[in-house]
Amino acid sequence: MKKIMAGLVKNKLTPILTCAMGILLTNITPSYSAVVPPGTPLAEKQEIVRNNGSFPASLDVHKVESNVELNIIHDFFDGLVYTDRKGHIEPRLAERWETSDNQTWLFHLRKGAKWSDGSPITAHDVVFSWRRLLDPEMGSPYSSYLGTAHVVNANDILLGKKKAEELGVKALDDFTLEVKLDKSVAYFLQMLTHPILVPVSEKAVKRYGDKWTHPDVFVGSGAFKLSEWKVNENVIGVRNPHYWDDKNTVINKVTYLAITSEKSDLNRYLAGEIDMTMTIPLDSFASLKKTLGDQVHINSMLSTYYYVFNTQKPPFNDVRVRKALSLAIDRDVRCSSQPTKPRMESDVG
């Protein structure tokens with residue numbers, strides 16, 4: 001089901017924070033780089049404050065499951081590929097790739113890509129990360145994702161039937177990654193855009209263990225790196241000078257707030273205290289769209305909603321009732337163009 005999301009973004013003459021469509025159950029608006037046209041006037045202070053809706057439980061990619069964490073991970077880490085604002089695949093850590101059958105894929109990583117500590121990002125980091133995602137001891141909420149993507153042996157490794165080394169992912173050399181699937185998957189690149197598949201630094205994880213995401217030792221691959229972590233208050237990211245696309249990064253600092261109230265989110269935006277909201281209260285959408293115009297951004301999110309009925313209790317224990325509910329569903333319904341959960345965002349500088 002394709003939903004419409006809306007958000008407010010203050011226009012400070014910096015085209016950095018317009019919304020992007022999140023692929024495969026995510027709806028993430030990135031804070032990273034953008035090509036600024038020559039002559040574009042920029043705000044004197046290139047910092048933004050955005051509401052993240054809640055405080056993240058962790059920034060360990062393999063321990064999280066919600067957009068609260070993935071919003072920040074998307075800014076602090078790069079994947080092999082992502083999508084542009086129109087939903088098209090674009091190269092990130094992988095500068096190019098090839099496949100002849102949509103079953104065996106070769107990814108060629110950027111040789112100049114570095115972790116935020118200055119060390120090179122290699123295909124070995126990707127292999128390590130995807131094996132870690134499947135590790136039963138890690139218990140990742142997304143541990144089944146590689147199996148869903150049909151990566152060879154992923155399901156058997158998750159069930160303990162095969163070893164991690166048998167995963168269909170291999171580093172042919174430092175910058176060439178081979179991925180084998182158990183069937184032809186034409187949409188495999190789209191599945192790679194999910195933030196759960198971003199590589200993490202093998203060296204950092206092995207050196208610091210569970211503490212590798214602490215601000216003093218944090219290592220990432222995105223436009224920003226972790227600077228401060230104040231529980232239930234904010235997370236701060238500062239510009240990563242080792243980022244492979246740093247030349248197109250304009251924002252120097254991003255502060256993520258944990259405001260759970262939609263009304264408070266809106267009020268602080270209107271008061272000029274934040275530059276980007278998490279959402280917009282539904283009852284305020286029409287008036288805000290009218291009064292704030294292009295500060296209200298709307299973007300699509302691919303998502304699925306479902307309801308589970310307790311078939312042991314009346315009236316759902318009656319098969320006739322369940323059949324009636326099934327027959328009542330309009331299976332040809334088209335999505336409304338109105339936002340079901342609006343949000344506010346602005347171009348900031």
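Where in the chain does Pro315 lie? Pro315 sits in the loop between strand 12 (296–302) and helix 9 (319–328). The peptide bond that leads into it, from Pro314 to Pro315, is cis. Its omega is near -5°. Keep in mind that this is a predicted model.

Now step back to the whole chain. The protein has nine helices and 13 strands. Of its 349 residues, 50% count as buried. Sequence-distant pairs carry much of the contact list: residues 24 or more positions apart account for 67% of the contacts with a separation of 6 or more.

Start with an open sheet of four strands. The order is 5-6-8-7, and the pairing is antiparallel. Strand 5 (94–98) and strand 7 (169–173) are the edge strands, each pairing on one side only. On average, neighbouring strands here are turned by 25° against each other, direction ignored. Inside the sheet, five bridges link strand 6 (residues 104–109) to strand 8 (residues 176–180) in the antiparallel sense. Leu106 is found opposite Glu178 in strand 8. In a regular strand, side chains alternate between the two faces of the sheet.

The loop between strand 5 and strand 6 holds Asn102. This residue has a positive phi of about 60°, although it is not a glycine. Its relative accessibility is 25%, so Asn102 counts as partly exposed; the buried class would need a value under 20%.

Helix 2 lies across strand 6, strand 7 and strand 8. It runs at about 165° to strand 7. Check its geometry. At 1.5 Å a residue, the twelve residues of helix 2 should span 16 Å, and the end C-alpha atoms are 17 Å apart, which agrees. Next comes its burial. Ten of the twelve residues are buried, so helix 2 is largely enclosed by the rest of the structure. The buried set is not purely nonpolar by name: among them are Asp125, Ser129 and Arg132, alongside Phe128 and Trp130.

Helix 2 also matters for the largest nonpolar core. That core has 64 residues. Those with the most contacts inside it are Phe77, Phe107, Trp130, Val151, Leu177, Val179 and Phe188. Helix 2 (residues 123–134) supplies the largest share of this core, seven residues.

Take Val151 as an example. Leaving aside residues up to four places away in sequence, Val151 touches Leu146, Leu167, Gly168, Val169, Val179, Lys180, Leu181 and Phe188. Further along the chain is Asn153, in the loop between helix 3 (145–148) and helix 4 (154–158). Asn153 is not a glycine, yet it has a positive phi of about 70°.

Turn to another open sheet. Its four strands follow the order 2-11-10-9, with mixed pairing. Strand 2 (47–51) and strand 9 stand at the edges with a single partner strand each, so one side of each is left without a neighbour in the sheet. Neighbouring strands of this sheet are turned by 20° against each other on average, direction ignored. Helix 1 (residues 67–76) packs on the sheet and touches strand 2, strand 9, strand 10 and strand 11 (253–257). Its direction makes about 140° with that of strand 9.

How do strand 9 and strand 10 connect? They form a hairpin with three residues between them. Asn232 in the turn has a positive phi of about 60°. Six bridges join strand 9 (residues 224–230) to strand 10 (residues 234–239), and the two run antiparallel. Lys230 has Asn234 in strand 10 as its bridge partner. Phe224 stands opposite Arg239 in strand 10.

One more helix deserves a look. In helix 8 (residues 285–292), Phe285, Leu288 and Leu292 are buried. These three cover an arc of only 65° around the axis, which puts them on the same side of helix 8. The face turned away from that buried side carries the exposed residues Ala286, Lys290 and Thr291. Just after helix 8, Gly293 takes a positive phi of about 55°.

The buried residues of helix 8 bring us to a second core. This separate core of ten residues includes Tyr269, Phe285, Leu288 and Leu292.

Note on methods:
Residues are numbered from 1 along each chain as its sequence is written. This is a predicted model: local features need pLDDT of at least 70, side-chain atom pairs count only at pLDDT 80 or more; totals for chains, interfaces and linings use all residues. Side-chain values use heavy atoms; hydrogens and water are left out. A nonpolar core is a set of buried Ala, Val, Leu, Ile, Met, Phe, Trp, Tyr and Cys residues joined through side-chain atoms within 4.5 Å. Buried means under 20% relative accessible area, exposed over 50%, partly exposed in between (1.4 Å probe, protein chains only). Contact means heavy atoms within 4.5 Å. Two strands pair if DSSP finds at least two bridges between them. The expected span of a helix is 1.5 Å times one less than its number of residues. Axes are lines fitted to C-alpha atoms, for helices over the stretch in contact, and angles run from 0 to 180 degrees between N-to-C directions. The arc is that of the directions from the helix axis to the C-beta atoms.
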